[in-house]
Amino acid sequence: MTDENSAERGPEPGPALRAEKLHYRYSEGTAGLGSVDLQIGRGERWGIIGPNGSGKSTLLHHFAGVYAAKGHLWVLGLEATKRNLPTIRRQVGFLFQDPDDQLFLPTVGADVAFGPRNAGLGEAEVEARVAGALARLEVSHLRDRPTHRLSGGEKQGAAIATVLALDPEILVLDEPTNDLDAGARRRLERFLGGWSKTLVIATHDLELLLGTVDRIAVLDGGSCVVEGNSSELLRDFELLEKHGLEEPPTVRILREAGVTDPRRIPDPREPADGAAQLDTPAPPPMAD
Amino acid sequence: MHREWIDRSAHGDGALQRWDPRLKVGISLATLLIIALGSRDPDAVSVLRLGGIALVLSAVAGYGGIPWKSLLLRSLVVLPFVGFVAAARAIQIVHGSAGGLHLGEWTVGLAPDGIEAALLIIGRAWVSVGVTLVLVLTTPLPAILSALDRCHVPRGFLETCSLVYRYLWVLLDEGGRLLLARRLRGGPVAPWRSGGAMLATLFVRSLDRGHRIEVALRLRGYQGTLPIGRDLNWTRSDSARLLIAAGVLVAVWLAAGLVSGGTGT
């Protein structure tokens, strides 16, 4: 198959992302990834956590098609070889840690339109994509604003819009809550709550993951050391501490309040049904 | 901050901001050309012509709501740069003993017409910077780039300008933070005393950022060209403004010649 044919090829059957013995070494010789085995199904919502230097960003760069895979990586069924990277990049939306890296054009509107135009879409479609992406992030009013005059939260909203305008099948976010104030964070959480396709978030902000993902992979030393259900892993104080992480504040507060059984901590996404689930001892019977 | 003042003004809603950028770029370039083509000798025609342009510039700045004091002061930024050239024109060094400062066999003194010529050089540079300032204070850079793009200025140059404009702010912010961090820990207050180390740090950070921007471009399908600027809309009013501006410039050119009784060349 030629490069051109490969570029035209759409998603293929299989999980959204599958890594087998994926490894990477930086040019100066440092190991970025040791050996990662991970499978993320289509439509699943995953968090990638781990201490600094554990390889989270490197793994995400592989998912986004920045590097050709050493070992094996399939993205939407397509192996991440050098030839397939352009196709993979069109299917995966990647958000950088620093929005200033993502927003390289002088105005927000021009930046959001950049990807769709490069994808060869007509002007009407580009316009619709730009308007839709900005509206979805609640930042339509920023369209004609100079990028360098935006606040941190506004930059983050605009940066996510640049990714959304490409209508990706997989959304990959690297530390999306960096420098966000409470309002911007709420907007981000609202947006993530409404995202129905595959989602991968690498972050130190475990509180964010508590409400947005279903599965967690813990990376340490360039390898995936644990994976599992988010509501269980995020409440496993010992596991988190072992890998240089800290439990989300909500979980800590509940634990300190005496809720010792992690399975009894309410999931913030579920409707609150009162404090009945709190593991507080029943009051002693009144003495007559 | 100077840069914020410029940026806010350029994105403002004044009378000049509503003019088509092509018109403003065209008038500015024509004015700069007239200044550049003027005689280098401090004759009456050159001085009157420069004075006329300065008067028109003040009137335009006033019409556009640009505070003339700020304009005057900020355009003085050119003085340190042009001062050396002006000094070189004003001073002459001759062999032998003549009126002036004797340095061995050499004498340093004022050239004939040296002061007038030096003042003309400074005046021309000052007014040129004033013209450029009025343009950037009333036109956002993306709009200026759009106008230059329509004038077939090479895309590579415009794309570089666009990226520089975007990241200059980021770099300045980073530089400001570095400087502050140094000061807070007792480092030298004057930027030039820690300039070398700071520039080196900024350079390394810029390399890193450059790499990340390159990745960001690739991930969004960069094919070798960046979009430049925005849609432009030339109106009838702009045509009328063009005629008026051309008339004013020709009038200044001719009037200076007539008033001084010269040839107007």
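Which residues are buried in helix 2 of chain A? They are A:K56, A:T58, A:L59, A:L60, A:H61, A:H62, A:F63 and A:A64, where buried means under 20% relative accessible area, exposed over 50%, and partly exposed in between (1.4 Å probe, protein chains only).

This is a predicted model, in which local features need pLDDT of at least 70, side-chain atom pairs count only at pLDDT 80 or more, and totals for chains, interfaces and linings use all residues. Residues are numbered from 1 along each chain as its sequence is written, chains are lettered from A and ligands numbered from 1 in the order in which they are written, and side-chain values use heavy atoms, with hydrogens and water left out.

**Chain B overall**

Chain B contains ten helices and three strands; helices (H or I, at least four residues) and strands (E, at least two) are DSSP runs, numbered from the N terminus. The order of elements in chain B, starting at the N terminus, is α-α-α-α-α-β-β-β-α-α-α-α-α.

The radius of gyration of chain B is 23 Å, against a value near 18 Å for a compact globule of 265 residues. That radius is taken over C-alpha atoms, and the globule rule is 2.2 Å times the number of residues to the power 0.38. The C-alpha trace of chain B spans about 70 × 60 × 35 Å along its principal axes.

Of the 265 residues in chain B, 38% count as buried. The accessible surface of this chain is about 15,200 Å², with 68% of it belonging to carbon and sulfur atoms; such areas come from the Shrake-Rupley method with a 1.4 Å probe, and for residues, only the protein chains shown count as cover. Among contacts (heavy atoms within 4.5 Å) in chain B between residues at least 6 apart in sequence, 72% join residues at least 24 apart.

Chain B carries 27 positive and 17 negative side chains, and the centres of the two sets are 7 Å apart. Lys and Arg count as positive and Asp and Glu as negative, while His and the chain ends are not counted; the place of a charge is NZ of Lys, CZ of Arg, CG of Asp or CD of Glu.

**Interface**

Contact between the chains involves 28 residues of chain B and 26 residues of chain A. The area buried between chain B and chain A is about 2,500 Å², and carbon and sulfur atoms give 56% of it. Buried area is the accessible area (1.4 Å probe) that two parts lose on being put together, summed over both. B:R166, B:L219 and B:R220 supply 35% of the area that chain B buries against chain A, more than any other three residues.

**Two enclosed helices**

Helix 2 of chain A (residues 56-64) has eight of its nine residues buried, so it is largely enclosed by the rest of the structure. After this helix comes A:G65, with a positive phi near 85°.

Helix 7 of chain B (residues 141-150) is also largely enclosed by the rest of the structure, because eight of its ten residues are buried. Those residues are B:P142, B:A143, B:I144, B:L145, B:S146, B:A147, B:L148 and B:D149. Their cover includes helix 2 (21-37), helix 6 (114-138) and helix 8 (155-184) of chain B. Just after helix 7 of chain B, B:H152 has a positive phi of about 65°.

**Positive phi in chain A loops**

Two loop residues of chain A that are not glycine have positive phi.

| Residue | Phi | Loop in chain A | Relative accessibility |
|---|---|---|---|
| A:E138 | about 60° | between helix 6 (123-136) and helix 7 (152-164) | 34%, partly exposed |
| A:D167 | near 50° | between helix 7 and strand 7 (170-174) | 43%, partly exposed |
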